[in-house]
Amino acid sequence: MLIGVSIFAEAQVQVEAYGDIGENNVSEGAFIKSVFRAGYEYDQYRFMGGVQLDLYSSNPNLLSGFDITTSRNFLIKDYPVNLKGYYMLNRFSDLMYETNWGLRLASKKYDRFALEIGSNFKTYTINANGRAEHGIAKEDCKLREFFNLTYLISGYVMPHNHNWNLGLTITNIDYYTINQSTNPIFNLQMKYDLKPNLSVHIDSWYK
Amino acid sequence: MRGFVTSYENANVRFEQSLIWNNEQGYSTIELSKNAYEINVMGDSHVGGVENLDAFFEASQNDNVAAVAMIGDITTGHETDYNVLAEHLPNIDSLPYFAVVGNHDLYFDGWEHFYSIFGSSSYYFLVKTPNHTDIFFCLDTGGGTLGELQFDWFKNLLETERQQYRYCAVLTHDNLFRLRPTASTNPMPEENRVLSELFLKHNVNMVMAAHDHKRNTTVTGNTTHIMLDALQDDNKNASYVTLTFDEAGIDFGFIDL
């Protein structure tokens, strides 16, 4: 379960805060995470960055994730699209971390749908602490996976700019986690605009 | 995802049944009079066809290996295939064999047949030489996940038992990482992260997997990951792997059929 708040402080500035409560096979009970993101929009460009905090989990790192995204809106013929480049760091351990980077091409041309397709390059790395503690040579500290396809298909009850909405998404992208394309995630999402510049989101994820 | 199109016992249910078997039958120890030994490992034989399976067992007996391991998708899941497999298994006293379940082994209520032939799919076995003892963990990833119970069991054993042994290898069906363009599915990233950390922390020397049908190897930290070719009869590149354990370390080689 993920509960979020988005605030557009000015036309170009956006701030988001999320609380994420969940459980999985390896979490050793429930976890509570929090994500804070901030973005700035200029003309057709947008820059966004965020941090993830593990408030309650088996991860020893409080600061468990970091990401930056740059995107640009443009037209392909008459088709409005948004191209994003992203980098994510996931500090899941005090000995190792995971990075993901790639491109995502998104469109909300249709009122009740959002579509996205992209690429992802994932690397697992043993950090300096892990190398020192376990005598690992630097050349043996990385495992690079082959490029992975990312996707997102969302359907909504109301048009995108409506003051409330309910949607269902199938994707392999979560905040700070990207699954293999054959491992889809389902996301039921609700949005309500409390004010023109303040929105509340509630997402329920099933993996 | 597979749960949407087919149904079978989930990982926790299979693990509980495996644990009952382990408690009743105990864990195997192979005692050897020499310090160097070999283990042959194959995966994805997908019986019906048994030509390559027979060749694998015959070569293993001729080479006098300490044991063989079959790491999943041994059958297609049909009862008739399990019956064929049972007819072709070697005498376990002359060639000790170990098996873990793969996704195909679970189709068509295959777990029931697997359990009746092999019993547990979550266990360990030991190989004891005059100077050392090595531990081999056999893990059930046939459903694409270890499941919470098996994960806790595995983690606890690594934390409490691993340091007693020289080498540690993991034998399982699902390849954990995507090293080539493939549609074969790995476990979820959350599980891979924690497993990777456990392999590092507890000096797991080798992780053997199948599932992807095409050989691949990579080294991360002190862990060598080996993915096997499919042994099935219609695979032009069918092979198995011979693992060699001695005082100098662990070596491996792909043996083409």
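Biologist: In what order do the strands of the five-stranded open sheet in chain B run, and is the pairing mixed or of one kind?

Modeller: One reads such a sheet by listing its strands in spatial order and then asking how each pair runs. In this predicted model, the five strands of the open sheet follow the order β4-β3-β2-β11-β12 in chain B, and the pairing is mixed. The edges are held by β4 (97-100) and β12 (249-256) of chain B, each of which has a single partner strand, so one side of each is left without a neighbour in the sheet. From one strand to the next, the twist averages 20 degrees.

Biologist: Which sense of pairing joins β2 to β3 in chain B, parallel or antiparallel?

Modeller: Strand β2 (residues 37-42) and strand β3 (residues 67-71) of chain B run parallel and are joined by four bridges; within this part of the sheet, B:V41 stands opposite B:A69 of β3(B). Towards strand β11 (residues 239-246) of chain B, by contrast, β2(B) runs antiparallel, with five bridges joining the two, and here B:Y37 stands opposite B:F245 of β11(B).

Biologist: How many residues lie in the hairpin connection between β11(B) and β12(B), and over how many bridges do these strands pair?

Modeller: The hairpin passes from β11(B) to β12(B) through two residues, and the two strands pair in the antiparallel sense over eight bridges. A register can be followed from one pair of residues, and here B:L243 has B:F252 in β12(B) as its bridge partner.

Biologist: Where is B:A36 found, and is this residue buried or exposed?

Modeller: Burial is read from the number of neighbouring C-beta atoms. B:A36 is found in the loop between β1 and β2 of chain B, and B:A36 is exposed because 12 other C-beta atoms lie within 10 Å. Leaving aside residues up to four places away in sequence, B:A36 touches B:T244, B:F245 and B:D246. Separation along the chain is another matter to read alongside contacts: B:A36 and B:V84 are 48 residues apart along the chain, and their C-alpha atoms are separated by 33 Å.

Biologist: What is the strand order of the seven-stranded open sheet in chain B, and which strands are at its edges?

Modeller: The order is β1-β5-β6-β7-β8-β10-β9 in chain B, again with mixed pairing. Its edge strands are β1 (29-31) and β9 of chain B, each pairing on one side only, and neighbouring strands of this sheet are turned against each other by 15 degrees on average, direction ignored. As one pair in chain B, strand β8 (residues 206-209) and strand β10 (residues 223-227) run in the parallel sense over four bridges, with B:M208 opposite B:I226 of β10(B).

Biologist: How should the backbone angles in the loops be read, and which peptide bond is cis?

Modeller: One looks at omega for the peptide bond and at phi for the residue. The peptide bond from B:V47 to B:G48 is cis, with omega near 15 degrees, and B:G48 lies in the loop between β2 and α3 (51-62) of chain B. In the loop between α3 and β3 of chain B, B:N64 has a phi near 55 degrees, a positive value in a residue other than glycine; B:N64 counts as exposed because it has 9 C-beta neighbours inside 10 Å. B:N203, in the loop between α8 and β8 of chain B, likewise has a positive phi, of about 50 degrees, although it is not a glycine, and with 17 C-beta neighbours inside 10 Å it counts as partly exposed.

Biologist: At what angle do the axes of α2(B) and α7(B) cross?

Modeller: Helix packing is read from the distance and the angle between axes. Helix α2 (residues 11-25) and helix α7 (residues 147-160) of chain B have axes that come within 6 Å and cross at roughly 50 degrees, which means that α2(B) is oblique to α7(B). The contact is made by B:A11, B:N12, B:F15 and B:E16 of α2(B) with B:G147, B:E148, B:L149 and B:Q150 of α7(B), and these residues divide into three nonpolar, three polar and two charged.

Biologist: How many residues of chain B are in contact with chain A?

Modeller: There are 29 residues of chain B in contact with 26 residues of chain A. The largest share of the chain B side, nine residues, comes from α8(B), and that side divides into 12 nonpolar, nine polar and eight charged residues.

Technical notes
Residues are numbered from 1 along each chain as its sequence is written. Chains are lettered from A and ligands numbered from 1 in the order in which they are written. This is a predicted model: local features need pLDDT of at least 70, side-chain atom pairs count only at pLDDT 80 or more; totals for chains, interfaces and linings use all residues. Axes are lines fitted to C-alpha atoms, for helices over the stretch in contact, and angles run from 0 to 180 degrees between N-to-C directions. Angles under 35 degrees count as roughly parallel, over 145 as roughly antiparallel, 65 to 115 as roughly perpendicular and the rest as oblique. Two residues are in contact if their C-beta atoms, placed from the backbone, lie within 7 Å. Ala, Val, Leu, Ile, Met, Phe, Trp, Tyr, Cys and Pro count as nonpolar, Asp, Glu, Lys and Arg as charged, and the others, Gly among them, as polar. Two strands pair if DSSP finds at least two bridges between them. A residue is buried if 20 or more other C-beta atoms lie within 10 Å of its own, exposed if 12 or fewer, and partly exposed in between; C-beta atoms are placed from the backbone.
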